Amino acid sequence: MTLPNLYAKRKFLRSFEKVWAWADGIINRFAKSDFNPLYHLGTLTIFMLLVLIATGTYLVLLYRPGLDVAYLTMQKIDSTWFGIFIRSVHRYASDAMILLVVLHMLRMLSGDRFWGARWLAWTSGWIMLAGVWLTGTLGYWMVWDTRAQWMTEFMMQTVAGTSGLTYVATDIESRTFSNFVIVIFLHVFLPLIGFLGIYVHSIRLSRARWWAPRWVAVQALIGLAFLALIKPVQLLSEVDLTTLPKNVPIDMLYLGLLPMIDVWGNIIFWGLAVLVVGSLFMLPWLFKGRDLGPAVIDDPKCIGCNLCYAECPYDTIRMIDRSDDTPYTKLAVVNPDQCTGCGICVGACPTDAIDLKIGHNNDRTFNALKDAVNREADSGHPVTVLFTSMRDEALGGIPASLTANRGDAPFAVSSWGADDGRILTMALPSIATVNIEWIKSLQKEKVRDVVIVSQPYDDNIYREGSHWMANRLQMRSALMTENLHWLDATPNDSKAVANLLDNLHQSKAPKKKIETAVPQVKDRNKMIPSLVGGIIGAILLLGIFALALPLDVNSSMKAASQSGLRIAVDAKGKIEAAAIPPGIVLPEGADPVKIFGGTHFPVSVRVVVDGETILEKTYKPSGISGNGRISALEFLEVAPGEHQVDVWMKDDADDFRLSYSGKVDFAQGGIQLISYEDKLGEFDLR
């Protein structure tokens, strides 16, 4: 009867998780783990959303939509130190939100917290990340500076039709006003929908944590304010659609797609994006792991005490009415699809009515442990029972010698110390899998010490393991004797465990006292970090947020080294009337098209520069029935200098006709526009 450590078998992910454990260990040396920001990445993301809503409200109240006023209102905001400070905090909070979400996802990935019952949290997280990116991208467009110009160029070249023509129309201000209104609505509305996404993200948690510890939030504010003061955001020059964007500072977190698409093209970029993001989205099914669950209820033993229901962190257990011959009114029922195999309910059950399906039976496991304790004690060895988690074992948080000699038993027996003591090490799915009755029974046996090795309060892959184990012991104060030792250690800190065991298993007095008291259940709002801990946390968050600075990269459109030619078509199109049936004579002035219908001719355009054809395309009428307007917008790269440009057009049954011909001077980085004038029926240079 063994307890297989399935968690350790995912060696690829464990290698990445060790990096997190190493970083956590360094931070925890200088700051209490309660104030380690890396433990609060998810709740800090929500806090960033609140900061964005607060600063965004101020900005929206001053902002005016419209091509003719948007840039002016941004200049007005930036005219005061407070306005530019708020705008800077808003910008850095948006970057921080992306960075925190990515780090949170990497932590969940390395910790194997993305498959099984957690698939909903994983997939909803990716959807929310897409929403954050879209919202931030729209925010950059609202400023209407050269960043927005590159985005507009991308939109015009990608959409090309009626929407693209909006920005080359003669009445551009009135046509684009609705676009500004739509963008500002989405920029304000999407973050509010984000709260629904957060609810879905945490819907399978019994006690979702929405708020970061107060002082961690303060540290985040300090980091944002510091960045806003040392590097205020800059308002770039206003949009000028007669030139191409050059040397534009691009926020790669939000606008990095622009230079990438410019180099690779839409098909390659979006194809790779769909492949990568789609694979990560489908990861819960493509890279699914295994656990020891689900929990299994032994109905005759269940007394309906509600303890398993109360402690389950994943809302997996339900208490239903009981109708059998037992005197109990309730029965625990497990939803196997939602169970993560954490074993917290196993440790909570006072009647050993719950086991894990794979490898863990409470009675057999503990009986085997007691037999081994008695054997070693009868041989004259002082015995210590050490309880730990499989995660600690997998990440090297327990000295290797303690887990090497397991054999077929659910625990390992090792020698330790100058007094030739014996350590019986049992690694369980969670530290809260330890049943409180085990502690009571072991203290009555021949055990000299019981050691509980716990991960820091906020560093449990099953969320609440340390909390519930500490809570059970605090509720049973009679168990907290001198031989019960609690050790909080980062999951890779085997040295801390070895030091404690050295102190317990040496013939002389301990060299130094190690604090091993059971911790109190924590009230976050009453906790205050030390000065060093507060500074360390603030510096760490500042470092994370400051990643936005090197990601603000100067970029230029590839075409900016050349020149551009836009060809715009917005025409009603000509119609070939249907044949009038023989014998029918229409009244004078009657329109045969309206009576008998007709077919719209497409519009074909050929552009010739210096005798070389650089464009030849046919554009069909829009609409379901194919009788709508014909709209198109083409962008063509042309070498700087003066060129002979000829535009040929075909809009009826006849052959191409020359619609425009002339010498056009192309300045480097400039754009010339030749558009079809519907009233004239010809192309013209504007």
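Student: How much area does the chain expose, and which atoms supply 60% of it?

Tutor: In this predicted model the chain exposes about 31700 Å², and carbon and sulfur atoms supply 60% of it; accessible areas come from the Shrake-Rupley method with a 1.4 Å probe, and for residues only the protein chains shown count as cover. As the model is predicted, local features need pLDDT of at least 70 and side-chain atom pairs count only at pLDDT 80 or more, while totals for chains, interfaces and linings use all residues. Residues are numbered from 1 along each chain as its sequence is written, and side-chain values use heavy atoms, with hydrogens and water left out.

Student: What percentage of the residues in the chain is buried?

Tutor: A residue is buried under 20% relative accessible area, exposed over 50%, and partly exposed in between (1.4 Å probe, protein chains only). Here, buried residues make up 51% of the 686 residues. Gly 641, with a relative accessible area of 23%, is partly exposed.

Student: Where is Gly 641 found, and which residues is Gly 641 in contact with, leaving aside its neighbours within four places in sequence?

Tutor: Strands (E, at least two residues) and helices (H or I, at least four) are DSSP runs, numbered from the N terminus, and Gly 641 lies in strand E18, which covers residues 641-650. Contact means heavy atoms within 4.5 Å; with those neighbours left aside, Gly 641 is in contact with Val 664, Asp 665 and Phe 666.

Student: How far apart are Gly 641 and Val 274 in space?

Tutor: From C-alpha to C-alpha they are 40 Å apart, and in sequence 367 residues separate Gly 641 from Val 274.
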